[in-house]
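Work through the exercises below with the coordinates open. Try each task before you read its solution.

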Amino acid sequence: DIRGVIFDLDGVLTDTAEYHYLGWQKLADEEGLPFNRLANEDLRGVSRRESLLKIVGNKQYSEAQLQEMMDRKNRYYVDFIQTMRPGNVLPGTIALLDELKEAGIKIALGSASKNAQTVIEKLGIADRIDVVADGYSVQQPKPAPDLFLFAAQQLGLKPEQCVVVEDAAAGIEAALAAGMLAIGLGPTERVGAAHVVLPNLAGVHWTELREKLSSDQ
Ligand code: B16
Ligand code: MG
């Protein structure tokens, strides 16, 4: 029986992808590194360090330089997210969170981001979330299962009692590796490995979702 739902943040509850993109683009331009929106698609759900390493490619940088670039991009990103407000929650999110609470299902955040806490506060949904697993919680980033296993443990649930909602291929991979059910949001080319694939959370109801997940079993 499903007892908990673990939500990814960026691309699931809100769309911070644009702000991450703008931050990386600014940094890449300053460094003379090739980067564009298409390249940014590969960074979905990928940790800050892995994102930077993808952008620098074969170009050699010292650890101190990499660190400085990560800090710089993060400053740009943190500036952008200051403007976020409750209206930036993606359609269907609040209704679904309310239904889950009503149904006695525990809710966790499972985000790779070190800025997750700030974002959920800006969005005004922090008090709807029981447990936050974020970029500070574990060492191994998605596609490793660690972050979601940490979230389940904090919820006091077994992996098989949890469903993960994700928009990134790496996130679906992590959920399956954790032995959890997975709901993928977006095109099948990206999240097709999930048990259930939906375009987004708009109009999604827990009762129907639960049925879809159990018929897949
Ligand atoms: P930060 P998620 C991920 O969040 C983003 O999708 C990804 O683009 C970002 O690089 C990563 O968080 C790290 O974020 O630099 O803020 O620590 O999708 O796992 O909620
Ligand atoms: Mg995501």
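**Exercise 1. Place strand 1 in its sheet.**
Find the strands that pair with strand 1, and state the direction of each pairing.

*Solution.* The model is predicted.
Step 1: take strand 4, residues 162-166; strand 1 pairs with it in the parallel sense, over 4 bridges.
Step 2: pick one contact point. Phenylalanine 7 has valine 165 as its bridge partner in strand 4.
Step 3: turn to strand 2, residues 106-110. This strand also runs parallel to strand 1, and 4 bridges join the two.
Step 4: in strand 2, isoleucine 6 is partnered by alanine 108.
Step 5: check the faces of strand 1, residues 4-7. Gly4 and Ile6 are buried on one side, Val5 and Phe7 on the other, so both faces are covered.

**Exercise 2. Classify two residues by burial.**
Decide for glutamate 41 whether it is buried or exposed. Do likewise for glycine 45.

*Solution.*
Step 1: recall the cut-offs. A residue is buried with 20 or more other C-beta atoms within 10 Å, and exposed with 12 or fewer.
Step 2: glutamate 41 has 11 such atoms, so it is exposed. The residue sits in helix 2, residues 37-41. Its C-alpha atom is 20 Å from that of glutamate 31, which is 10 residues away along the chain.
Step 3: glycine 45 has 28 C-beta neighbours inside 10 Å, so it counts as buried. The glycine belongs to the loop between helix 2 and helix 3.
Step 4: look at who surrounds glycine 45. Beyond four places in sequence, it touches Asp8, Ala112, Lys142, Asp167, Ala168, Ala170 and Gly171. Aspartate 10 is 35 residues away along the chain, yet the two C-alpha atoms are separated by 7.4 Å.

**Exercise 3. Find the faces of helix 5.**
Which residues of helix 5 are buried, and why do they line one face?

*Solution.*
Step 1: helix 5 spans residues 93-102, with Thr93, Leu96 and Leu97 buried.
Step 2: look down the axis. The buried residues of helix 5 fall within an arc of 100°, so they line one face.
Step 3: relate this to helix geometry. An α-helix has 3.6 residues a turn, so residues three or four places apart point the same way.
Step 4: inspect the face turned away from the buried side. Asp98 and Glu102 are exposed there.
Step 5: move past the helix. Glycine 104 follows, with a positive phi near 75°.

**Exercise 4. Map the cores and helix 8.**
Which residues have the most contacts inside the largest nonpolar core?

*Solution.*
Step 1: this core has 47 residues, and those with the most contacts inside it are Phe148, Ala151, Val163, Val164 and Met180.
Step 2: its largest share comes from helix 7, residues 146-155, which gives 6 residues.
Step 3: a separate core of 8 residues includes Leu27, Leu43, Leu52 and Ile55.
Step 4: go to methionine 180. Beyond four places in sequence, its contacts are Phe148, Pro159, Cys162, Val163, Val164 and Ala175.
Step 5: Ala175 is one of the buried residues of helix 8, along with Ala169, Gly171, Ile172 and Ala174. These buried residues pack against helix 7, strand 4, strand 5 and helix 9.
Step 6: just after helix 8, glycine 179 has a positive phi of about 80°.

**Exercise 5. Describe the shell of ligand 1.**
How many residues surround ligand 1, and which are the closest?

*Solution.*
Step 1: the count is 20, with Leu9, Asp10, Ser111, Ala112 and Ser113 the closest.
Step 2: by type, the shell holds 5 nonpolar, 10 polar and 5 charged residues.

Conventions. Residues are numbered from 1 along each chain as its sequence is written. Chains are lettered from A and ligands numbered from 1 in the order in which they are written. This is a predicted model: local features need pLDDT of at least 70, side-chain atom pairs count only at pLDDT 80 or more; totals for chains, interfaces and linings use all residues. A nonpolar core is a set of buried Ala, Val, Leu, Ile, Met, Phe, Trp, Tyr and Cys residues joined through C-beta atoms within 7 Å. Two residues are in contact if their C-beta atoms, placed from the backbone, lie within 7 Å. The arc is that of the directions from the helix axis to the C-beta atoms. A residue is near a molecule or strand if its C-beta atom, placed from the backbone, lies within 6 Å of it. Ala, Val, Leu, Ile, Met, Phe, Trp, Tyr, Cys and Pro count as nonpolar, Asp, Glu, Lys and Arg as charged, and the others, Gly among them, as polar. Two strands pair if DSSP finds at least two bridges between them.
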